[in-house]
Every structure is written in C-alpha cells, then in structure tokens.
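Biologist: I'm new to this one, so could you pick a single part and walk me through it slowly? I'd like the small sheet, strand by strand.

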Amino acid sequence: MQFRMLGPLQMYDDRRRAATELTSPLQQRLLKALLAHPNTLVPASVLVRELWGGRPPQKAGNALQAHASRLRRAMERAEPGGPGAARLVARDAGYLLRVGPEELDSARFRLGVRRARALAGSDPEEAGLLLRQALSRWRGDALAGPRGPAGDALAVVLEQERLGALEAVFDLSLLTGQHRRIVPELREAVLAHPARPRFREQLGRALAGPRVTPPPAGGGRALRPVPPAPGDARSGGAGRDGGAGSGELDRLRALVERIASDQHALRSAIAQLSELVGRTAA
C-alpha cells in the first residue's frame, strides 16, 4: 500500500489499484501527524494536541484511542489482507506507524530528485526528464485538508522541495534550449508564486530565448552556440555602425555571454538539487 501525501491524503492499494480517503477530519489529522514521524513512537500527548489543539475533550486519551482504532480499521479496509492491524501500534502511551520508504510517494519523489542530481552535470536533458517524472507524482497541495501542527510543518517542507525541483527543471530546460516550451509553465509559476523571484528571472531568460544546442546524452562537453541566421537582429552584420568587424565582435561577445549564462544555470540547477537532497537527508 502507498500513503500518498503529495496532494489530498490517500491510502492506495497497488494490487486493487484503489484509493481510499479518510472522511473523518480527526483521523486525517492523526494519520498526517504519524506520517510526519514514520516508524517513530509519537507520544499520546503530542497526538492530542494535533487533533484538538489547546482545547482537548474530557478523557482525551480515551478519545484518541477510539480514533486510532477507527484509523486502524480504515487501513485494513484500504488494504484487504495486508498488515493493516500491525501498521498502527499502541506502545508506551503513544502510537507508532510502521511504513516502508517505498510506501511513501514523498520518498519516491525524493528518490527521483536524487537520481536527477546525479545526472545533472553529465546529461542535463535526462536529468530534466527525471525531475519531471518525479514532479508528476504531485496531485495538488501537499497533505491538503485538515491537519495539525506536525502535518502543517511537513506540508511546508514538501512544498519547498517541490518548488526547488521545479526551479531546477526550468534551469535544465533553459540549458538544453527548451525556452519556448517552458514559457507557459513559467508564466503560471510566476502568477502562483509572485514572491519567488527565481521564476521571474527564468521567465525573462526564456522569453529572451538564446539559442544553444544541448550536449549529447551522457556527454559532458561544453555547449556549442548556434550561429545566428542571416538577417537575425543578433547577428551583428555589416549594416551596424563600425562595419562588419565590429558586428562580428559584438556577435562573439553575445555568444560568450550566453554560454556563461547557461553554465550558470547548470550550476544553479545542481546546487538546488543538492540542497533538496540535503534537506531530505536531514
């Protein structure tokens, strides 16, 4: 079974290909708090605050126990014949959720990011594809719906990782000459995240559209500038002031600037991927 957190919380049975969503807001809060600390004993006092904040009901411990029992039964229904009863364990005045890394869509997303990081320097095009595959796991806002403080904190971390991966995708797309393709995506990102300046910077570069051919798959050679077409405004032809020699100098200077810009984009993408992986390890 998968616990899907990259969107509304779901329990997904791979065998039946069926998704189960919790209808109880308190059970959602409980499961999200446990998923924020997988395979870790979470004290009952912490879970009480997750469910009811500063206004717990009378006999909150008994109420928590009842919701945990209902959550356990919901997991059993979501995965018939699976280890539902053994997943949620009551122990030492707390609860522990047993879950493997392969059962978390967030872990699969992070694995894709790590694989992309490993390829970014040698094959930026393939790295970009891997990042897009990782981002395709997102179905909406992380842990959308009712959640407590632990769920809120986890949702913020996951969202920052998503945005970092998206920025890295755009940097790699710019590096490999896919400027026109990502303009609509960047415009959407700028509108959705106006306080994130990186998207605006990337949109400006995509609209400018420097033409650079990507390195061959698996290769690490420098980018090769594409000569401008006849009549191109960037060609610096003989009609400009200073004659053909001056125009050729301007053209070469522009090409050097474009190559430097794209090399900066690659370094930026690798740095962002490294930061993502570092946060995941932490």
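Modeller: Here is a close look at the sheet, with a short stop at a pair of helices afterwards. Keep in mind that this is a predicted model, where local features need pLDDT of at least 70, side-chain atom pairs count only at pLDDT 80 or more, and totals for chains, interfaces and linings use all residues. Residues are numbered from 1 along each chain as its sequence is written, and side-chain values use heavy atoms, with hydrogens and water left out.

Helices (H or I, at least four residues) and strands (E, at least two) are DSSP runs, numbered from the N terminus. The sheet is an open one with three strands in the order S4-S6-S5, and the pairing is antiparallel. Two strands pair if DSSP finds at least two bridges between them. Strands S4 (42–43) and S5 (88–90) sit at the edges with a single partner strand each, so one side of each has no neighbour in the sheet.

Now go along S6, residues 94–97, which is joined to S4 by two bridges. Val42 has Tyr95 as its bridge partner in S6, while Pro43 stands opposite Gly94. Towards S5 there are three bridges, again antiparallel, and there Leu88 stands opposite Leu97 of S6. S5 and S6 form a hairpin with three residues between the strands, and Asp92 takes a positive phi near 50° in that hairpin.

What covers the two faces of S6? Gly94 and Leu96 are buried on one side, and Tyr95 and Leu97 are buried on the other. Buried means under 20% relative accessible area, exposed over 50%, and partly exposed in between (1.4 Å probe, protein chains only).

Now for the helices. The axes of H7 (residues 149–175) and H8 (residues 179–192) come within 10 Å and cross at roughly 155°. That makes H7 roughly antiparallel to H8; angles under 35 degrees count as roughly parallel, over 145 as roughly antiparallel, 65 to 115 as roughly perpendicular and the rest as oblique. Axes are lines fitted to C-alpha atoms, for helices over the stretch in contact, and angles run from 0 to 180 degrees between N-to-C directions. On the H7 side the contact (heavy atoms within 4.5 Å) is made by Phe170, Ser173 and Leu174. Ser173 is buried, with a relative accessible area of 4%. Leaving aside neighbours within four places in sequence, Ser173 touches Arg132, Gln178, His179 and Ile182.
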